[in-house]
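Dear colleague,

I am passing on the structure below, together with some notes on what turned up when I went through it. Please read the notes with the coordinates open beside them.

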Amino acid sequence: MDLKDKLLSSFLAFENNVDLENPVHEIRSEAIKNFEEKGFPSKKEEAWKYTSLNSLQKVDFSIFPKQENTLEYKDIKKYFLHEIDTYKIVFVDGVYSSYLSETTHDGVDVCLMSSAFSKPMFRQVIDVYFNKVASKDESLTTLNTAFCKEGAYIYIPKNKMPKKPIQILHLATGNEAALMLQPRNLVVVEENAEVQIIERHQSLTENEVFTNSVTEIFAAKDANVDYYKVQNDANTASLIDNTYISQKDNSVVRVHTFSFGGKLIRNNLNFYQNGERIDSTLKGVTILGEKQHVDHHTLVHHAQPNCESHQDYKGIFGEKSTGVFNGKIIVDKIAQKTNAFQQNNNILISDKATINTKPQLEIFADDVKCSHGCTIGQLDDEALFYLRSRGIPKKEATALMMYAFANNVLESVRIPEVKTRINKIIANKLGVRVGFEL
Amino acid sequence: MAYTEEELKKELETKEYEYGFYTDIESDTLPKGLNEEIVIAISKKKEEPDWMTQWRLEAFKAWKEMEEPEWANVTYKKPDFQDISYYSAPNKKPKYNSLDEVDPELLDTFKKLGISVDEQKKLAGVAVDIVMDSVSVATTFKKTLAEKGIIFCSISEAIQEHPELVKKYIGTVVPKKDNFYAALNSAVFSDGSFCYIPKGVRCPMELSTYFRINQAGTGQFERTLVIADEGSYVSYLEGCTAPSRDENQLHAAVVELIAMDDAEIKYSTVQNWFPGDKEGKGGVFNFVTKRGLCEKNAKISWTQVETGSAVTWKYPSCVLKGDNSIGEFYSIAVTNNFQQADTGTKMIHLGKNTRSTIISKGISAGQSQNSYRGLVQVNSRAENARNFSQCDSLLMGNLCGAHTFPYIEAKNKTAQIEHEATTSKIGEDQIFYCNQRGIDTEKAIALIVNGFSKEVLNKLPMEFAVEAQKLLEISLEGSVG
């Protein structure tokens, strides 16, 4: 039985465990129909030209993990950003772990989707926002919608800001031979409110994990959202991350994606600008080795005048890894004075590595400034020679130059501890200690 | 004088196709429709050898199995392939010894276009192989070329007289099953040009042909084959204008270039098929497959000025097979009213130290859509491959669109690839700068558009540059000085 059939039959079992009277279930039934019709995307589709899901579909993933897996904090401490105090929403094999988490209802709501679905006090927010920006015909998104049950629910009311950043951590224990997870997150940031979120997926063993995650983010007028995705999973884990962001007037949303680990990662990052003077920032650092595959698929839809978007993705590809970047900017007829900027720089350090990049512009307005740049190259031999002639060994010199290459992206990270952590991961990945923090 | 962009836009929109006239020449036309008999009939009419007929039939067989591509960023009513006559030839067939014998009406047509054969002869020293409705009616300067051993003739003549060359090279760069339109062309091509430059010969003049569609309801399927043998050089020009017609006309050409070791081919095109009227009615469908193959140290350079056609689907490509080979692509695409253009290039780097340059300029006005679609592919054995791409778009008015779809695939760590694209309109500050120096707005816009396309216009051969300017005028009068 292939994965699609298995998922379709599991949906019936899934229905036994959820409240069928809940209006959310209507959305789920609608979504499963779409998935049944479309199935998993194939390489024949333009959007999936460079990324194949065939190997994943052959694995016998268990859809519903056994309940309750206990973990000790000390064993998993290193996966947390433990240097600073944060709210934590932790899931173990897709199940919420109250023992490891720290949620709040003090002025802001940092809690769970399952309670947001079931408790009447959240009903209004769910009605207004849930599944409103997520695609209703993209097959993997609808697959997630069909099985949506658990995930992080974050609601920041007008003029509020949580006391500390929020961490969302998805852990896979490896108790199952192969596990499929489908977390669903909803982040609503009301007028003039602010939030900082760090998300991480981590499997603790070599057992295969396939995560198909959907996150919806709503930024109201003057809202300010920072979202950091740390992707440094085991090389047996695959992640499809679908993020949909809807922005209103004057809001600022920044999404940073750091991809270092994982077998197959696909990031579908979609920004919809539904107001004026919006600022959207999409940045990413990707450093890959072995047979890793990372596909960044971004969309920025400028639908109103006077908005800006900034995209900057840097990639370093070694061994047999594959990198894909597909960035799309759409500027509607009325979106005059748009300022859209997109850049993708790549370095190939191995003969077996591949890069496929496709930066696209679709522009229907005339008074705009849109540009994209894309480069593929190597480290500058002369610069390398300069460093080595001053006594820096080749390995360190190379690492230094790669640091410098990626540094642009790190500059806009607003939590210093996140920056430090990313620097450490980069150092690990490159296998060197340069002896100072950048 | 206050000549604003608004006014310019209005003028552009109301500008009718100037060269829309129709020459009444009796034609020998095959019945509409396409089947094996028609393919055989075309082949027979051209008195082709058996291998050519078989080749056409194989292509036709493949074409029947294929589907029309839909991935391009264009929308149009698909042509009914059974409602097209696949062959028409001017009736008065006997070959002319001098221009005086040519049908005066035909000469008149060329005069209206400003490209009369004798003028070309006198002024430019260009040998013109005129293809009017598929059959070559005049070939000049043949003698000068023959002295150098250069073969420049229509492809049907080449099939008769140089079958060994045609048989060896036809379909080697664009296989007959390459794509839907290439297969169609392979099955039914009526005529086209053939050119062979022998080893070490530098062609003393620019070779040029003018393709035109004339007969109502006939599509034109040319086939061009240019072979530059080792160490040779040729510059080839191709230009088109077509009479105004309400019915959509189909144009599916195939151009194959072969540049052997150390050879260089420069291929320039000015395309000005009828773009349809300002309501978007009529116009030519231009679905062209152009590809060149570079052997060691060879160079192929494509230059195109695309101002016409209702729908353009065209990707002149270079396969950089030999080490140290060079591919270049310079393009200006102008779209106005309801025109749609999806054009670009493919640079396939296979050999070591291969280099490619892409400069693409798109200008959209009216309600037109202008897309750049390109592929730069560096294969794993292409050490030290280098590519530079630049795509700039200029938008005039807020009803048109400019799109960029660059595909970049690198499989070698020594590859160096750069791509940049910008989209902008004519800046008010730019116009202001000109105004304050006493240049009126109309002139200023002309200057700016001219400057915007200069990089590409400069690449055209001298003789052609004047013609290109003339054709650009039709699409963007008032903006090109």
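Two residues are taken to be in contact here if their C-beta atoms, placed from the backbone, lie within 7 Å. Please keep in mind throughout that this is a predicted model.

I begin with the place where the chains meet. On that criterion, the contact draws 31 residues from chain A and 30 residues from chain B. On the side of chain A that touches chain B, the strands β19 (354-363) and β20 (369-377) each supply at least two residues, and β19(A) gives the largest share, with 10 residues. Sorted by character, the residues on this side of chain A comprise 13 nonpolar, 11 polar and seven charged. Strand pairing also runs across the boundary, since β20(A) and strand β24 of chain B (residues 416-424) are antiparallel and are joined by seven bridges; if you would like a place to start looking, A:Cys370 stands opposite B:Thr423 in β24(B).

Within chain A, strand β15 (residues 293-302) deserves a look of its own. Nine of its 10 residues are buried, so β15(A) is largely enclosed by the rest of the structure. It has strand β13 of chain A (residues 264-273) as a parallel partner, over 10 bridges, and in that pairing A:Ile265 has A:Val294 of β15(A) as its bridge partner. Strand β17 of chain A (residues 322-331) likewise runs parallel to β15(A), and 10 bridges join the two, with A:Leu299 standing opposite A:Lys328 in β17(A).

Turning to chain B, I find 12 helices and 24 strands, and 56% of its 481 residues count as buried. Among contacts in chain B between residues at least 6 apart in sequence, 84% join residues that are at least 24 apart.

One helix pair in chain B may also interest you. Helix α2 (residues 36-45) and helix α3 (residues 50-65) of chain B pack with their axes 10 Å apart, at an angle of about 150 degrees; because angles over 145 degrees count as roughly antiparallel, that is how α2(B) lies relative to α3(B). The crossing of α2(B) past α3(B) is right-handed. From α2(B), the residues B:Glu36, B:Val39, B:Ile40 and B:Ser43 meet B:Met52, B:Thr53, B:Arg56, B:Leu57 and B:Phe60 of α3(B), and the residues of this contact divide into five nonpolar, two polar and two charged.

With best regards

Technical notes:
Residues numbered from 1 in each chain as written. Chains lettered and ligands numbered in written order. Predicted model: local features only at pLDDT ≥ 70, side-chain atom pairs only at ≥ 80, totals over all residues. Helix = DSSP H or I, 4+ residues; strand = E, 2+ residues; numbered from the N terminus. Nonpolar A, V, L, I, M, F, W, Y, C, P; charged D, E, K, R; others polar. Pairing = 2+ DSSP bridges. Buried ≥ 20, exposed ≤ 12 C-beta atoms within 10 Å, placed from the backbone. Axes fitted to C-alpha atoms, helices over the stretch in contact; angles between N-to-C directions. Parallel < 35°, antiparallel > 145°, perpendicular 65-115°, else oblique. Left-handed = near helix turned anticlockwise from the far one by under 90°.
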